[in-house]
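Trainee: Please take a close look at one part of this structure and explain how it is set within the whole. I should like a connected account, with each term given its cut-offs.

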Amino acid sequence: MAARVARDIPDGAVVNLGIGLPTMVANHLPTGREIVLHSENGVIGMGPAPREGEEDFDLINAGKQPVTLLPGGVFFHHADSFAMMRGGHLDVCVLGAFQVSASGDLANWHTGAPDAIPAVGGAMDLAIGAKKTYVMMEHTTKSGEPKVVERCSYPLTGIGCVTRIYTDLAVIDVTPRGLVVVESVDGLPFDTLQARTGAPLVRA
Amino acid sequence: MIQKEVATLREAVADVADGATVMIGGFGTAGLPNELVGALLEQGAKDLTIINNNAGNGDTGLAALLAARRVRKIVCSFPRQVDSHHFDRLYRAGELELELVPQGNLAERIRAAGAGIGGFFTPTGYGTELAKGKETREIDGRMYVFETPLHADVAFIKAERGDRWGNLTYRMTARNFGPVMAMAAKTTIATVHEIVPLGTLDPECVVTPGIFVQRIVRIDRVATSAGGFRQQA
């Protein structure tokens, strides 16, 4: 999944990879493309994790893990960092999700469980800011419930903000004519994919 | 003569009043002014409103302030952490008020306060639970939510180097909330690892001009969590 997302990130793009599954995209960026990573805590030009023993906890990513800085990389404060997002300066943002709706609504910050402690972080800013918002998630929950749905039942993070969905079964575009299946895994019939999806799909 | 340098942490936080709103910088352990928070714990101010990205980790700093029941309300974006047990317990017991704010709105509301802006319309959070009851407006075909500025009586920030005018530089991602919080508080107290003579900091590289800073205190560089710093400076 991570490799498939990475393939769609063009040369020269400035990208924010959300915490969790999307972080793995960094390990699959195609060679020969200059792709610049942004992290909302205040860095552009993030490099890979430092070698053991060389961690510096003043240089971390949004997941609070130590990272490195590539030549050309820069630091900035939080208000500037979120201006980069909200202002539409980032090319791509890749996020995890609980649910995505047929119209591109995203639910990824809160399960809505009454005893859960809510925590939003930068999720709502990330969802609405980038030129393209990609979601990367399993096609269904562990118990087999669809995560691509007609309407999100979990609390929303953003409305109509998702551009494309990458799952373990398919790549799906959110378009004005509906959820368009761009591709699906080899040998998976369209009807089977549709049966595992909670909203109508359209053939490309 | 302008002399913003204060000799001790204790002196720096001596006048924080009961009921004060206190901003605390930092994201992760980067830029977290735990030394000032520790001094505030000793100082004894209570009934505080705290503005921070998180709601305390482990048993020190902000977590210790919560555990000592000195905080009435917390304004933050991400309270839930693996080690936020003090917050979790007090919140579940209904003993701590929480205002949850998306991280970018938090930063911009702080910036707005410092810049004298009375509020702003942002697309972040529109249509979500966190925008419930807030004024909305359509501007050029897009929906926005009205957000108000966040002011503070005191801001605690951690910088790298400073001078007696309060000019500051930061270190890598430890910059995070420092520059905007410095602008938004009536009294900004910065810790630095080095105080240099006036004119030493490259004026092209000063990040926070001294006008936003009222006190600076030099502290030793100490190891943060998970091996943060390897040596004393």
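Mentor: The account below begins with the chain, turns to one sheet and the loop beside it, and ends at the other chain.

This is a predicted model, in which local features need pLDDT of at least 70 and side-chain atom pairs count only at pLDDT 80 or more, while totals for chains, interfaces and linings use all residues. Residues are numbered from 1 along each chain as its sequence is written, and chains are lettered from A and ligands numbered from 1 in the order in which they are written.

Chain B has six helices and 13 strands; these are DSSP runs numbered from the N terminus, helices being H or I of at least four residues and strands E of at least two. Chain B is as compact as a globular protein of its 233 residues, because its radius of gyration is 18 Å, close to the 17 Å of the globule rule (taken over C-alpha atoms; the rule is 2.2 Å times the number of residues to the power 0.38). Along the principal axes, the C-alpha atoms of chain B fill a box of roughly 50 × 40 × 35 Å. Of the 233 residues in chain B, 51% are buried, that is, with 20 or more other C-beta atoms within 10 Å of their own C-beta, placed from the backbone (exposed means 12 or fewer, partly exposed in between). Among contacts in chain B with a separation of 6 or more, 74% join residues 24 or more positions apart; a contact requires C-beta atoms, placed from the backbone, to lie within 7 Å.

The part to examine closely is an open sheet of three strands in chain B, with the order 5-7-6 and antiparallel pairing. Two strands pair if DSSP finds at least two bridges between them. Strand 5 (120–122) and strand 6 (136–139) of chain B are the edges, each pairing on one side only. From one strand to the next, the twist averages 40°. Strand 5 and strand 7 (residues 142–147) of chain B are joined in the antiparallel sense by three bridges, and B:Phe121 has B:Phe146 in strand 7 as its bridge partner. Helix 5 (residues 103–115) of chain B lies across strands 5 and 7, at about 165° to strand 5; such axes are lines fitted to C-alpha atoms, for helices over the stretch in contact, and angles run from 0 to 180 degrees between N-to-C directions.

B:Pro123 lies in the loop between strand 5 and strand 6 of chain B. It counts as buried because 21 C-beta neighbours fall inside 10 Å. Its C-alpha atom is 9.7 Å from that of B:Arg137, 14 residues away along the chain. Beyond its neighbours within four places in sequence, B:Pro123 is in contact with B:Arg142, B:Met143 and B:Tyr144, and also with A:Arg86 and A:Ile128.

Those last two partners lead to the interface, where 30 residues of chain A are in contact with 41 residues of chain B. On the chain A side, the elements giving two or more residues are helix 2 (78–86) and helix 3 (123–129). Helix 2 of chain A gives the most, with five residues. This side has 17 nonpolar, seven polar and six charged residues; Ala, Val, Leu, Ile, Met, Phe, Trp, Tyr, Cys and Pro count as nonpolar, Asp, Glu, Lys and Arg as charged, and the others, Gly among them, as polar.

Note on methods. Contact = placed C-beta atoms within 7 Å.
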